[in-house]
There are 2 protein chains.
Amino acid sequence: MPSISIRGNDMPSSPIRKLVPIAEEAKARGVDIIHLNIGQPDIQTPAVALEAIKNIDRTVLEYSHSAGMPEYRRKLTQYYKRFDIDVDQEEIMVTTGGSEAFMFAFFCCFNPGDEIIIPEPFYANYSGIATAAGINIKPITSSFEDGFALPPMAEFEKLITTKTKGIFICNPNNPTGYLYSTEELNHLRDIVLEHDLYLLSDEVYREFCYDDCKHFSALNLEGLENNVVLIDSVSKRYSECGIRIGTLVSRNKEVIDSAMKFAQARLSPPLLGQIAACASIDASQEYTDSVHKEYYERRNILVEGLNKIPGVKSMKPKGAFYTMAKLPVKDSDDFCQWILRDFSYDNQTLMMAPGSGFYSSRYLGNDEVRIAYVLNQTDLKKALVILEKALEAYPGRLI
Amino acid sequence: MPSISIRGNDMPSSPIRKLVPIAEEAKARGVDIIHLNIGQPDIQTPAVALEAIKNIDRTVLEYSHSAGMPEYRRKLTQYYKRFDIDVDQEEIMVTTGGSEAFMFAFFCCFNPGDEIIIPEPFYANYSGIATAAGINIKPITSSFEDGFALPPMAEFEKLITTKTKGIFICNPNNPTGYLYSTEELNHLRDIVLEHDLYLLSDEVYREFCYDDCKHFSALNLEGLENNVVLIDSVSKRYSECGIRIGTLVSRNKEVIDSAMKFAQARLSPPLLGQIAACASIDASQEYTDSVHKEYYERRNILVEGLNKIPGVKSMKPKGAFYTMAKLPVKDSDDFCQWILRDFSYDNQTLMMAPGSGFYSSRYLGNDEVRIAYVLNQTDLKKALVILEKALEAYPGRLI
């Protein structure tokens, strides 16, 4: 029997993999599970996107251009202009979700064995894609106590070796909700230039910034035209995660030319998804405003509620729709399993993503969970009650 | 300025990359181009697929399961049963096109530096995906004179080293149209077992076999349960290339478990495409029969027509919808450029894929072109006239 490859064996499992069968058992017992673990919003997809799909007038669902439909790429330039990001159509490549944009960026920019620095906690799937591409992630720890701010530049300097080829940030951040300031990004700019690195910036939550905070794109960092690769996706922006449409944007023509070869090898991004994504750019201001307001209110309910639970702490994130909450437990992996297996309140319980899955360093995040506020306010309020009751009942609770 | 990665630089360009700007110039001069170069059929997508898309009743286009929608995977088991392939739902993973199924198979089965043997000429994108995954392709040449039959097993044995970890076949074959016999596949079986190799089998053209020939799936080779990985796609089967839905099928549970981790890292295959693909399984027998009849007639027109042109030769392929034709030229790259740049007949000309792009060995395929019969019979007949006139006028024509 032939063996599985080393990278196949090394691929990390999802942070909630252990929880899935336990949740299945809970469901089988008739317990209702409130999912705080996932980034799948309940927000409606814009009506214009659904209409575009319902009204397709094609009789052959043919390949699109490998770099994406010209019409969609054109409209994306207008979309980016709304956020003061000035890019040409030729600098935009449509990808199969944000995941493929990461993958192409990793393939084009890094050799197997190269190192990239990523502030942790970070989106767990980065590890998987890095493993697939043979890239080594060097984590730089941001801490709850500092509100998950970008670690000081001196800490970055310490990690840079001859193998370091890039820095990867997610802004606003999944899982912390942290929004990097222009000042922080300018510090990053200096270090990127000094060491001739790529700066990969995942900005899929750009539109979800709160408290009048403004998002500053890495693409607008001066002097980094050849260094910045933007990763983007419509999944969260328009609540259309399933259509698998992302983008890779760079002003570095060599990166785009190289990415184009990987794009040609997989022929084309999804046609139907592009039709939906293209129409979504015309979603009304009313839609955008109402989604923003909804997440803003959910954040307030969640974070204020969390901080009222004895022993629980959460920063008030300025962006995205997640928070990394600190719980009065020693091992949140155990707590997340226990709450599904051994606890329910009014026949309901919670599924949360244990913090450790978002850290590459060992022994970190053990008292943290990532909570996504992608559920309606009623469910969020119920979840807060369940969490409070569960922590009261949990045998492993710290005082 | 940071540099592009080695694999980014090594990625092969599309075999028609040089032709694209020349074709653009021809179009700008008002010349109409008949595309014999591409695998994008003009056949209509089944009405049931288009209806399923038009009738979606969802309001959130959410992620599907990483391994694909359970309903679609269930229906796929029924689809495969029609072809006497007996597989469980758990042995099927839905992928983003056949390309992603290749990619996952390469990632799971092979380490960077491993070698896989592929009969050449082969589908050009295999090279790109192998380069992305760091796998070395060792070509084994099948020849026009032998009708592109599988080379003798002794030739395979010669290529096997300690680094050889797999054999990859495409059956029926793109670009040759060759359909492997059960006998040939049984020979392959022996060699795969002897050397403990993976056998990757791309069977996307399964339904396009002619002259009452029957397709034999690698999944039905006895004793290879742990060795065979099937690559499949609905792109050509239902003329829905743009929806990007493929499958990876294996009875080797370790392969499926490993592929699942790569699948989770990219979250989910396209939802809308899965809805279309799932509905397509219910396409009427009338649809399937009419598509088959149409390709059969096109093949006959094309191949008989090619063999009537002085100096041109084509085998009569038993499957798929391509043929590798021999032309009376020394350099088909040059001829394919010349016909676009310097020739037209009744203001029309041809775009064909030069043969060399389908060979990994140097200096092969220089007098061959791949012609896809994915156009209507009228256009195919016109194309034959243009090819004959062009060969008469071509300065580089061999006697």
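User: What makes the relation between chain A and chain B that of a two-fold axis?

Analyst: In this predicted model, chain A is superposed on chain B by a rotation of 180° with 0.0 Å of shift along its axis, at an RMSD of 0.0 Å. Two copies of a chain are related by a rotation about an axis and a shift along it, and the values found here are therefore the relation of a two-fold axis.

User: Which residue of chain A comes closest to the rotation axis, and how do you know that the same surface serves both copies?

Analyst: The closest residue of chain A is A:Lys54, whose C-alpha lies 2.0 Å from the rotation axis. As for the surface, 100% of the contact residues of chain A recur in chain B, and the same surface serves both copies.

User: Why is H11(B) called roughly parallel to H13(B)?

Analyst: Helix H11 (residues 285–308) of chain B packs against helix H13 (residues 377–393) of chain B at an angle of about 15°, with the axes 10 Å apart. Angles under 35 degrees count as roughly parallel, so H11(B) is roughly parallel to H13(B). The crossing in which H11(B) passes H13(B) is right-handed. Among the residues making the contact are B:Ile301 and B:Leu302 of H11(B) and B:Leu380 and B:Leu384 of H13(B), and the contact residues divide into 6 nonpolar, 2 polar and 4 charged.

User: How do you know that domain 1 and domain 2 of chain A are in contact?

Analyst: Chain A is divided into domain 1 (6–44 + 286–393) and domain 2 (47–280), and the centres of these domains, taken over C-alpha atoms, are separated by 25 Å. Contact requires heavy atoms within 4.5 Å, and 38 residues of domain 1 of chain A are in contact with 34 residues of domain 2 of chain A.

Definitions and conventions
Residues are numbered from 1 along each chain as its sequence is written. Chains are lettered from A and ligands numbered from 1 in the order in which they are written. This is a predicted model: local features need pLDDT of at least 70, side-chain atom pairs count only at pLDDT 80 or more; totals for chains, interfaces and linings use all residues. Side-chain values use heavy atoms; hydrogens and water are left out. Axes are lines fitted to C-alpha atoms, for helices over the stretch in contact, and angles run from 0 to 180 degrees between N-to-C directions. Helices (H or I, at least four residues) and strands (E, at least two) are DSSP runs, numbered from the N terminus. Angles under 35 degrees count as roughly parallel, over 145 as roughly antiparallel, 65 to 115 as roughly perpendicular and the rest as oblique. A crossing is left-handed if the near helix is turned anticlockwise from the far one by less than a right angle, and right-handed if clockwise. Ala, Val, Leu, Ile, Met, Phe, Trp, Tyr, Cys and Pro count as nonpolar, Asp, Glu, Lys and Arg as charged, and the others, Gly among them, as polar. Copies are superposed by least squares on the C-alpha atoms of residues with pLDDT of at least 70 in both. Domain bounds come from an automatic or database domain assignment.
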